[in-house]
Amino acid sequence: MAIFKGAGVAIVTPFDENLNVNYEKLGGLIDYQIENGTDSIIICGTTGESSTLTEKEHMECIRYTVDKVAKRVPVIAGTGSNCTQTAIELSEDALKAGADGLLLVTPYYNKATQKGLIQHFTMIAKAVDLPVILYNVPGRTGCNLLPATAAQLYKDVDNIVGIKEASGNISQVVELMHCTQGDIDLYSGNDDQVVPLLSLGGIGVISVLSNILPRETHNIVADFLMGDVKKSLREQLRLIPLIDALFCEVNPIPVKKAMNLMGFEVGGLRSPLTEMEEANTERLIKAMKDLKITLV
């Protein structure tokens, strides 16, 4: 059984004025997401600035989220690392914290071979009794998990159940689904490709857009899965200008700006990320206003 179907939010990590994790704000965001139809909370992913969280902060965020969610929806913990042993330790801690699943990004910077990726993911998955979603985002990691490799992992490792595909390469996703006979739990990792990946057998999205429009993102998936493909597509296309604005600078710079503009007060960004450029901010504001999103 899939960990979840629908729209999971790759939730931001809110900071206070000193750039410490603001757990009170995180709790408010979690409640807002669940109240507005989000199907899963993904904590400590790319959007959550996991790369600049300490390991202590990383685990505190996961534990806090599990406790706050209180089984209302599944919690998926980002525990990937470019060090296999670190990823194992984070994954073991996430299991102890009560996470419902793991999101494991391909190791970044090392540029592992496909053989190395098989070894890396197999070792992590076999160390924990939790379902695993692989995360392929070569544009950020410099490492592409090829379809045949993902298919072998899915076949050989029982608790590797899904993949978040953010390569942007539709042909690669087609090959992946061919190699797995369409059985792997496929999630879009790109908000502008939700409907295309659903059409290939996907069951959801792990979304940045959901941070600001959780209900609408949920509905794109729900409508498609219920058979109203045209309605799903209309909503996907309607939101494209906003989605493009949310990725006109590196994620999560724009989405944090958008949330602050909406009054969520999620704080700033940890270096080396910087505040959004003025011209891009104006583009974001226009896209939000065009959709009649209330700004403070």
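**Figure 1. Ile43 and its surroundings in the nonpolar core.** In this predicted model, let us start at Ile43, which touches Ile11, Leu26, Cys61, Ile62, Thr65, Val75, Ile76, Ala77 and Gly78, leaving out residues up to four places away in sequence. Ile43 is among the residues with the most contacts inside the largest nonpolar core, alongside Ile62, Ile212, Leu242 and Leu284. That core has 83 residues. Apart from it lies another core, made up of 16 residues, including Ala2, Leu103, Ile133 and Tyr187. As background, nonpolar side chains tend to be buried together in soluble globular proteins.

**Figure 2. Thr47 and Ile206, the two positions of the UniProt "binding site" annotation.** The annotation comes from an unreviewed entry and covers Thr47 and Ile206. The two are spread over 160 residues of sequence, yet they cluster in space, with a largest C-alpha distance of 10.5 Å. Both Thr47 and Ile206 belong to the lining of the second largest pocket.

**Figure 3. A closer look at Thr47, in the loop between β2 (40-43) and α2 (55-69).** Is Thr47 buried or exposed? Thr47 counts as buried because its relative accessibility is 3%, under the 20% cut-off. Beyond its neighbours within four places in sequence, Thr47 is in contact with Ala10, Ile11, Val12 and Thr13. Its other contacts of this kind are Val208, Asn211, Asn251, Pro252 and Val255.

**Figure 4. A closer look at Ile206, in strand β8 (residues 204-207).** With a relative accessibility of 2%, Ile206 counts as buried. Setting aside neighbours within four places in sequence, you will find Ile206 in contact with Phe4, Gly8, Ala10, Ile42 and Leu103, and also with Lys164, Tyr187, Ser188 and Gly189. Lys164 deserves a second glance here, as UniProt lists Lys164 under "active site" in an unreviewed entry. Leu103 and Tyr187, also in contact with Ile206, are among the members of the 16-residue core.

**Figure 5. Tyr135 and Lys164, the pair that UniProt lists as "active site".** The listing comes from an unreviewed entry. Although Tyr135 and Lys164 are spread over 30 residues of sequence, they cluster in space, and the largest C-alpha distance is 4.7 Å. Of these residues, the lining of the largest pocket includes Tyr135. What joins the side chains of Lys164 and Tyr135? Look for a polar contact of 3.4 Å between them.

**Figure 6. The strands and neighbours of the annotated pair.** Tyr135 sits in strand β5 (residues 132-136), while Lys164 belongs to strand β6 (residues 160-165). Both count as buried, Tyr135 at 6% relative accessibility and Lys164 at 7%. Not counting residues up to four places away in sequence, Tyr135 touches Thr46, Leu103, Leu104, Val105, Thr106, Lys164 and Ala166. With neighbours within four places in sequence again left aside, Lys164 is in contact with Leu103, Ile133, Leu134, Tyr135 and Asn136, as well as Tyr187, Ser188, Gly189 and Ile206. The contact with Ile206 leads back to the "binding site" annotation, which covers Ile206.

**Figure 7. His120 in helix α4 (residues 114-127).** How does His120 fit into its surroundings? His120 is buried, with a relative accessible area of 4%. Leaving aside its neighbours within four places in sequence, His120 is in contact with Ser81, Cys83, Thr84, Val105 and Pro107. One of these, Val105, is also touched by Tyr135.

Key: Residues numbered from 1 in each chain as written. Predicted model: local features only at pLDDT ≥ 70, side-chain atom pairs only at ≥ 80, totals over all residues. Heavy atoms only, no water. Core = buried A, V, L, I, M, F, W, Y, C linked by side-chain atoms within 4.5 Å. Buried < 20%, exposed > 50% of the residue type's maximum accessible area, 1.4 Å probe, protein only. Contact = heavy atoms within 4.5 Å. Helix = DSSP H or I, 4+ residues; strand = E, 2+ residues; numbered from the N terminus. UniProt positions renumbered as here; feature names shortened; annotations may be inferred. 1 Å grid on protein atoms, 1.4 Å probe; cavity = no way out; pocket = protein on both sides within 12 Å on 5 of 7 lines; lining within 4 Å. Polar contact = N/O pair within 3.5 Å; in protein donor to acceptor, adjacent residues only side chain to side chain.
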